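Work through the two exercises below with the structure open beside you, and try each task before you read its solution.

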Number of protein chains: 2
Amino acid sequence: MEKLKILVVDDESRMRKLVKDFLVRKNYDVIEAENGEQAIDLFFSKKDIDLIILDVMMPKLDGWQVCREIRQYSKVPIIMLTAKSDEKDELLGFDLGVDEYISKPFSPKILVARVEAVLRRSTVTEEDSMEVGGILLDKSAHQVKIDGQEIDLSFKEFELLTYFVTNQGVALSREKILNNVWNYDYFGDARTIDTHVKKLRSKMGPKGDFIKTIWGLGYKFEVDA
Amino acid sequence: MEKLKILVVDDESRMRKLVKDFLVRKNYDVIEAENGEQAIDLFFSKKDIDLIILDVMMPKLDGWQVCREIRQYSKVPIIMLTAKSDEKDELLGFDLGVDEYISKPFSPKILVARVEAVLRRSTVTEEDSMEVGGILLDKSAHQVKIDGQEIDLSFKEFELLTYFVTNQGVALSREKILNNVWNYDYFGDARTIDTHVKKLRSKMGPKGDFIKTIWGLGYKFEVDA
DNA sequence: ACATATTATCATGGAACTATGACGAAATTG
DNA sequence: CAATTTCGTCATAGTTCCATGATAATATGT
């Protein structure tokens with residue numbers, strides 16, 4: 001396996017060196033940034049950074065701001081370094097999508113353990129994809145593959161299929177579908193579902209038959225035996 | 001929707017507080033227990049706990065034992081917290097009916113994600129089904145199986161059979177059937193029930209005989225001895 | 001056994017529902 | 001702001017289902 005790239009962001013060079021040393025010893029590739037702006041630049045210029053270790057306290061752009069910025073475009077794992085183990089900070093961080101949290105001073109053992117834990121987690125694809133009967137639904141990428149073949153779905157079609165798949169085997173009334181796939185304030189014709197179902201079925205080829213019509217009730221997604 | 005109740009069991013109060021904080025922020029109702037016995041007491045005294053988060057390592061009654069105990073009486077979702085990610089522990093856990101598994105140290109993000117995943121699963125599996133004499137009625141899927149064989153019923157037929165099955169052993173007049181299976185505003189011929197009963201009987205094969213005619217009164221669903 | 005009341009069965013027309021294609025409105029993109 | 005895609009609506013055609021009424025079969029009481 002190739003070396004994993006870790007971006008270490010801290011204004012103190014001593015701290016950067018410390019962290020880097022331990023990580024390099026564990027065979028990671030370490031890139032340094034000495035402030036928030038540089039971190040963001042580096043992250044978006046190098047497209048293959050696997051983890052960011054981010055100091056909270058930095059002049060100008062602090063860690064939270066950097067995190068917020070990056071989270072708008074990426075789900076890269078982020079570990080925050082902070083001096084005070086203030087709980088409110090932690091809560092804020094997790095809201096921003098911080099994956100882990102290390103308070104200074106920390107032992108190298110803790111550092112390496114957290115890094116490895118986060119990396120282990122991030123490589124395991126979490127709940128954002130499902131596979132049913134040869135239909136692979138990638139929620140984060142908003143993309144569907146059928147038997148390995150990517151198919152193009154519009155936004156609504158994707159949402160509708162997602163709803164079907166997450167409720168497989170359950171009979172769904174049109175009303176229920178409207179309330180869950182459409183917004184609650186949508187009071188249009190329930191027949192519009194028919195149209196979307198039609199398109200879905202045709203785009204899904206043979207597997208379109210997995211969407212069954214339940215006469216007088218609605219639809220049901222079910223994989224044939 | 002009402003708040004879901006989560007029981008958090010750990011001997012370390014620090015850990016309980018940590019878990020509780022994040023769950024409370026996600027609008028769950030959290031109850032704490034500091035050992036296995038207390039957990040079991042609480043679970044069986046409060047009858048409406050939706051999920052249990054259980055530390056493995058606890059003095060006296062450990063997590064496995066608590067899990068085993070509770071599983072004898074309940075299918076409540078259980079998430080195990082464990083320090084060592086020893087694989088044997090995991091396997092043991094899944095044998096006991098553990099739904100998820102989180103190894104320490106974990107991030108709250110992971111915690112919340114797992115909790116939500118487990119809850120989603122467990123509510124989807126709301127078994128709206130009944131089984132009588134080899135007839136399996138799955139309301140949520142709007143589907144009927146007889147001796148494992150799926151049979152196609154129309155909407156009315158399904159409703160009628162459901163009504164029969166939920167009132168098994170009870171003699172039902174046509175009037176009663178009309179009022180319950182048909183809409184209130186239906187004032188047509190009660191003879192239409194005969195037709196539906198006929199179809200049901202024929203579609204149900206030998207088990208169609210479970211629908212008995214009560215001469216001069218109506219029908220009754222009853223499983224033969 | 002007979003007359004009568006009730007239920008079973010069948011065929012059928014119509015009602016209710018769904019599928020489909022086309023079109024214009026709305027949103028998105030360049 | 002033009003081009004493109006997506007979305008909701010509608011009309012039409014196609015399908016399934018259901019109520020009805022007629023007739024056959026069965027049960028009940030005398």
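**Exercise 1: the protein and DNA strand D**

Task: In this predicted model, find which backbone and side-chain atoms lie close to phosphate oxygens of DNA strand D, and then describe the surface around that strand.

Solution: Begin with the backbone, where an N or O atom of Lys156(A) lies 2.8 Å from a phosphate oxygen of DNA strand D, and where a backbone N or O atom of Asp189(B) lies 2.6 Å from a phosphate oxygen of that strand. Turn next to the side chains, among which Thr192(B) places a polar atom 3.0 Å from a phosphate oxygen of DNA strand D. The elements that contribute two or more residues to the surface near this strand are α6 (155-166) and α8 (192-203) of chain A, together with α6 (155-166) and α8 (192-203) of chain B. Sorted by class, this surface has 8 nonpolar, 10 polar and 4 charged residues. Finally, look at the strand itself: of its atoms within 4 Å of the protein, 87% belong to sugar or phosphate, and the rest belong to bases.

**Exercise 2: helix α1 of chain A**

Task: Check the span of helix α1(A) against its number of residues, and find where its buried residues fall.

Solution: With 1.5 Å a residue, the 13 residues of α1(A) (residues 13-25) should span 18 Å, and this agrees with the end C-alpha atoms, which are 18 Å apart. The buried residues of this helix include Met15(A), Val19(A) and Phe22(A). Seen down the axis of α1(A), its buried residues fall within an arc of 140°, so they line one face of the helix. On the other side, Arg14(A), Lys17(A) and Arg25(A) are exposed.

Notes:
Residues are numbered from 1 along each chain as its sequence is written. Chains are lettered from A and ligands numbered from 1 in the order in which they are written. This is a predicted model: local features need pLDDT of at least 70, side-chain atom pairs count only at pLDDT 80 or more; totals for chains, interfaces and linings use all residues. Side-chain values use heavy atoms; hydrogens and water are left out. A residue is near a molecule or strand if one of its heavy atoms lies within 4 Å of it. A polar contact is a pair of N or O atoms within 3.5 Å; within protein, one must be able to donate a hydrogen and the other to accept it, and residues adjacent in sequence count only if both atoms are side-chain atoms. Helices (H or I, at least four residues) and strands (E, at least two) are DSSP runs, numbered from the N terminus. Ala, Val, Leu, Ile, Met, Phe, Trp, Tyr, Cys and Pro count as nonpolar, Asp, Glu, Lys and Arg as charged, and the others, Gly among them, as polar. The expected span of a helix is 1.5 Å times one less than its number of residues. Buried means under 20% relative accessible area, exposed over 50%, partly exposed in between (1.4 Å probe, protein chains only). The arc is that of the directions from the helix axis to the C-beta atoms.
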